[in-house]
Amino acid sequence: MISKACPVVIQDGAVLMFHHPLAGAQLVKGTVEGGETPQAAAERELLEEAGVTGRWTGQAVVVSDEIAPAQRWHFVPVETAPLPQSWTYHCADGGGHLFRFFWHLADGTSPAGCDPIFQRALAFLHQNEALT
């Protein structure tokens, strides 16, 4: 099973998401590398994909094997300095893409164009209110 880290950044009751130009609305997430904790992976992924420095809050990391086949997702509560309502960031991963970041109300709903994997992730976050 592949371990994935998903930094959960909440601001004013909304969760940080982005529009991927080829894959629609997503949460930041990535693979936990060998020897890396899910907490460290979440911080690294947030910096790589959003250009944002964040730190694990120390709150419990919630885990699910039900988000995507053969993946164990670690939802890591992360705090940051206050962030703008929206911004774009050129992510070097995957050949380089311009990601457009936004906030989506953490109520279990999904924004338009959201892949079913991320729909399940958002519903899971809502069910685990300790993260929101």
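Helix α1 spans residues 38–50 and holds both E48 and R44, which sit four residues apart, or about one turn of the helix. Helices here are DSSP runs of H or I at least four residues long, numbered from the N terminus. The model is a predicted one, so local features need pLDDT of at least 70 and side-chain atom pairs count only at pLDDT 80 or more, while totals for chains, interfaces and linings use all residues. Residues are numbered from 1 along each chain as its sequence is written, and side-chain values use heavy atoms, with hydrogens and water left out.

Across that turn, the side chains of E48 and R44 pair up in a salt bridge, at 3.3 Å from N to O. The term covers a side-chain nitrogen of Lys or Arg within 4 Å of a carboxyl oxygen of Asp or Glu, and by this rule the count comes to six. R44 also bridges to E36, with N to O at 2.8 Å, and to E45, again at 2.8 Å from N to O.

How buried or exposed are these partners? Buried is taken as under 20% relative accessible area, exposed as over 50%, and partly exposed as in between, with a 1.4 Å probe and protein chains only. R44 counts as buried because its relative accessibility is 18%. E36 is buried too, and E45 joins the buried group because its relative accessible area is 5%. E48, by contrast, counts as partly exposed because its relative accessibility is 29%. Through shared partners, salt bridges link E33, E36, R44, E45 and E48 into one network.

Methods:
Helices (H or I, at least four residues) and strands (E, at least two) are DSSP runs, numbered from the N terminus.
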